[in-house]
Amino acid sequence: MALAIVLAGCAGSVAPGQPGSAAVWTPANKEGFGTARSQVSRVWYTLGSGELTEVYYPTLGSPSVRDLWFIVSDGKTFAESELDATDHHVELADPRSLTYQQVNTAKSGKYRLTKTYVTDPERNTLLIDVRFESLSGEPYSLYVVYDPSLANEGIDDSGTSEDGVLIAQDSIAASALLSHPDFEKTSNGYLGASDGWTDLRDDFKMNWSYRSAPDGNVVQTGKLPVTGLGHKQSATLVLGFGETADEARDAAEGSLQTGFELVAQTYAGGWHNWLGSLPPAPPSVERWMTTYQSSLMVLAASEDKLHRGAFIASPTMPWVWGQGLEKPSGAYHLVWSRDLYQIATALLAAGDRDAAGRALDHLFTVQQKPDGSFPQNATVEGTPHWTNLQLDEVALPIVLAWQLGRTDAATYTDHVKKAADFLVAHGPVTPQERWENQSGYSPGTIAAEIAGLICAADLARHNGDAASAASYESTADSWQHQVESWTVTTNGPLAPHAYYLRLTKDGNPNAGTTYSLGDGGPSAIDQRRVVDPSFLELVRLGVKPANDPAIAMSLAVIDTQLKADTPNGSFWHRYDFDGYGETREGGPWVISEPDTGLTLGRAWPIFAGERGEYSLAAGQPAASYLDAMARSSNDGFLMPEQVWDGRPPSGQPGFPAGEGTFSATPLIWSHAQFVRLAWSLQAGYPVEQPALVACRYTSVCRR
C-alpha cells in the first residue's frame, strides 16, 4: 500500500480528489494587517491564529489567498500543524511600521517558529522571513502549506510545480511561491483529498509530489531545506502575484534577488516617512503611542491603491459572510459612505488632509445620477453592491465637503446641491438608519441630515445660490425643531421620564407601534422599548447642546439598557435585543428566525469613543473612554467591531470580557474613532463637529 501511494504521487502526475472540499474564508478576528505605503505594490496581508490568512490582490476588494501555514514532523513519530500544536504570539516588530512577527512555540517544547512579514514596495509580492529552531536538539522537517483563492474565489484555481516553484492561476490572476534556499520537494493537491496535511498526518512523511492539480480548491505544499539546527534554521518565502504565471514568478524572483532585509528596510521606511509627515501625536495618547500610530497606519492601509480614496470597512469576512453567504465573498471589504466619513474625519484630524480629500473625491464618483443619492455601499471600483438607501450616507459627504472647504462651483453644483436637494425631497424619514435593518424617524440619521443641509447652505451661498441656501436652512431648522416630537417618548416603559428612542416608525414616540427587530429578535416589539446611543449624533454634529434635557435624561436609559462594564472599561450595545453577534456558546452569527434569540449582539468599542466625544462637549472628563478603546485592541494593536460583554460565553477561557469577539478585526471605523477622540481630547471638544452647525443651534461658536 505504501508503495502504491508513493507511485500515485510521483512527479508528473495529476493530483486526485478534484475539486476538493468547499472553499471558505478564515475567521475575521485578525491579529495583523499590513501593506507597503507605495502605490506600486498592490498586495495586502492579514494574520490570525498563528498563520498568514487572507492576502488581497490586486485590490482590497479581491482576496486572493485563503491561508499559508506550516507542518512540523520528525518523519517518524509525529507530524503536527502549527495551528493546533503551538502557542501563538504576534507582535509589531517595529511600532512605526506594519511589520508583523508571529512567534509560534510548540506546546511540547520541541521547536519554535518565527515568521516576519512585509510586502515589497516595488513589486506585487509578500515576503516571509522564516526562522525555525529546534529546542530539543533533534532535527525536524518543516513544510509550508499554501491555499490560494485567486481573484476572490477558491474553487477554480489550478496548481503546478515548475522548477521548484509553486504556481497557481485562474482565468484572472496568478501566484508564485518561491523559497530561498529552494524547496526540497513540492506537491499540488486538493483540499481534504490530496493536500499536504492529508499526506503527512498519518505516516509523518511527504510521500506525494503531484506536479499539477487543475481547476479546484488547490492546496500547494513545499518542503523547506531546514532542520531547526545549526545553519539550517532560516529560509525566505516569497509569494508573488500577477495577471499571469510569468508575471507572478518574475515579481517573486525580483523580490528574492533584492533580499528580505533590504525589502523590509524599504517597507518600514515608507511607513516611517508617512508618520513623520504628520503632526506629532497629541499628548492624550502618550500612554497609548503604539496604539495611536498603529491606528493611523491601519487607516492608511485600508485605502485601495488602484481606486484612490476607496477605504474599505474591514479586510475581513466575519461569521457566515466568510462561509458562502455572499459569493464570491462579502461584505466588509466594501466602501460605506458612513464608514468613509468616519475614516476621513479621523485622517483630517491627524493631519492627512490629502487622504480625506481623496475619500471625498471617491464618494463623488459613486454618487448616483441624476438624483444625487449615495448607495448603501459599493465595491472599491465604485459599483453599488447593496442598494438600500440610508439618508445619513447622503448627508455626511456634504458635511465632509464643508469640512474640507470645498467651495468650488463644480463640487457644489455637481455634488453638494444634488445631495442636499435629495435630502429635502426625501427626508427626514430614512429607509434605513445606520444599523441597516430598520426604516423610520432616527435621531442619529436626522442629526446627519440637519448638519448636511446647514453645511450645504453655506456652500450654496459661496456659489451665489441664495434661494437654495434659504431652502436648506428652513428645512434643517424645521427638522431640528421637530426631532424630539418625532423620537422622544414621554410615556415609555424604560424610565419615568422622557428619553430618545432608537427610532419611531410613525413619528409618534408615545404610540406603542410595533415592528420586527430582525437578527432573531422580537417579531413585534414596542418601539418605545428599543433605545440606542445614536441620539448622541445630535450633540456631536452640533444639532443639540450637550446639556439638552432630553439628551441628558436619555443617557441614564442607555446606560441601564445597553452599557457593558468590563475589565477593559465600559462599552455599549447597539440597541435592545440586538442579535448581530455570536451565539451564547461562542458560535458564529447566522441569519435566524424572529423570536429565536439565537445570537447576541455584543458591545462595540466605537460607542466608548462616541461617549467620549459627548463628554467633551458636556465639559466632562473623557480620557477613560480612550483608555477603554485602547485596551480593546489585541496583541497586534487591531481594534475589533465588538467585544465580549459579560454574557455567555464571556469570562470563560478564550472569551475574556472587554476583548475582541470573532467579529471584524480590524474594524476601520474603530480605529478612526480612536484617532478622532485622541485629537478631541487634545482640543477639549469634538474636533469633527461642524462649527457652523453648532453655532446655529447651540450658541457654541468656534472658528
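Helices (H or I, at least four residues) and strands (E, at least two) are DSSP runs, numbered from the N terminus. The model is predicted: local features need pLDDT of at least 70, side-chain atom pairs count only at pLDDT 80 or more, and totals for chains, interfaces and linings use all residues. Residues are numbered from 1 along each chain as its sequence is written, and side-chain values use heavy atoms, with hydrogens and water left out.

Start near the N terminus, with the loop between helix H1 (2-8) and strand E1 (32-35). Proline 19 sits in this loop. The peptide bond that joins glutamine 18 to proline 19 is cis, with omega about 5°. A cis bond also links lysine 369 to proline 370, where omega is near 0°. Proline 370 belongs to the loop between helix H8 (353-366) and H9.

Next comes a sheet. Strands of a sheet pair through backbone hydrogen bonds, either parallel or antiparallel. Here two strands pair if DSSP finds at least two bridges between them. The sheet is open and has 9 strands, in the order E6-E7-E8-E9-E17-E13-E12-E11-E15, with antiparallel pairing. Its edges are strand E6 (86-94) and strand E15 (212-216), each of which pairs on one side only. On average, neighbouring strands of this sheet are turned by 15° against each other, direction ignored. Axes are lines fitted to C-alpha atoms, for helices over the stretch in contact, and angles run from 0 to 180 degrees between N-to-C directions.

Look inside the sheet at strand E8 (residues 111-119) and strand E9 (residues 125-134). The two run antiparallel and are joined by 9 bridges. Tyrosine 117 stands opposite isoleucine 128 in E9. Helix H5 (residues 260-276) lies across E6, strand E7 (99-106), E8, E9 and strand E17 (234-242). H5 runs at about 55° to E8. Contact means heavy atoms within 4.5 Å.

Now turn to a helix pair. Two packed helices are described by the angle between their axes and the distance between the axes. For helix H7 (residues 337-350) and helix H17 (residues 668-683), the axes come within 8 Å and cross at roughly 35°. This crossing is left-handed; that is, the near helix is turned anticlockwise from the far one by less than a right angle, while clockwise would be right-handed. On the H7 side, the contact includes Arg338, Asp339, Gln342 and Ile343. Among the H17 residues that they and their neighbours meet are Ile668, Trp669, Arg676 and Trp679. The contact residues divide into 9 nonpolar, 2 polar and 3 charged. Ala, Val, Leu, Ile, Met, Phe, Trp, Tyr, Cys and Pro count as nonpolar, Asp, Glu, Lys and Arg as charged, and the others, Gly among them, as polar.

What about empty space? Rolling a probe the size of a water molecule over the atoms shows where it is left. On a 1 Å grid over the protein atoms alone, a cavity is a set of points where a 1.4 Å probe fits but cannot get out, and a pocket is an open set with protein on both sides within 12 Å along at least five of seven lines; lining residues have an atom within 4 Å of a point. Grid points are joined across faces, edges and corners, and a volume is the space filled by probe spheres set on the points.

By this rule there are 4 cavities of 30 Å³ or more. The largest has a volume of about 110 Å³. Its lining holds 16 residues, and Asp392, Arg434, Gly444, Thr445 and Glu537 lie nearest its centre. H7, helix H9 (391-403) and helix H11 (443-462) each supply at least two lining residues. H11 gives the most, with 3. By class, this lining has 4 nonpolar, 5 polar and 7 charged residues. The second largest cavity encloses about 80 Å³. Of its 14 lining residues, Ala23, Val24, Trp25, Lys327 and Pro328 are closest to the centre.

The pockets come last. The largest has a volume of about 580 Å³. Asn29, Glu31, Asn634, Glu659 and Gly660 lie nearest its centre, among 22 lining residues. E6 gives the most to this lining, with 3 residues. The lining divides into 6 nonpolar, 11 polar and 5 charged residues.

The second largest pocket has a volume of about 480 Å³. It is lined by 21 residues, of which Trp386, Trp435, Glu436, Arg574 and Tyr580 lie nearest its centre. Its lining has 12 nonpolar, 2 polar and 7 charged residues. Glutamate 436 also has a phi near 70°, a positive value in a residue other than glycine. Glutamate 436 lies in the loop between helix H10 (409-426) and H11.
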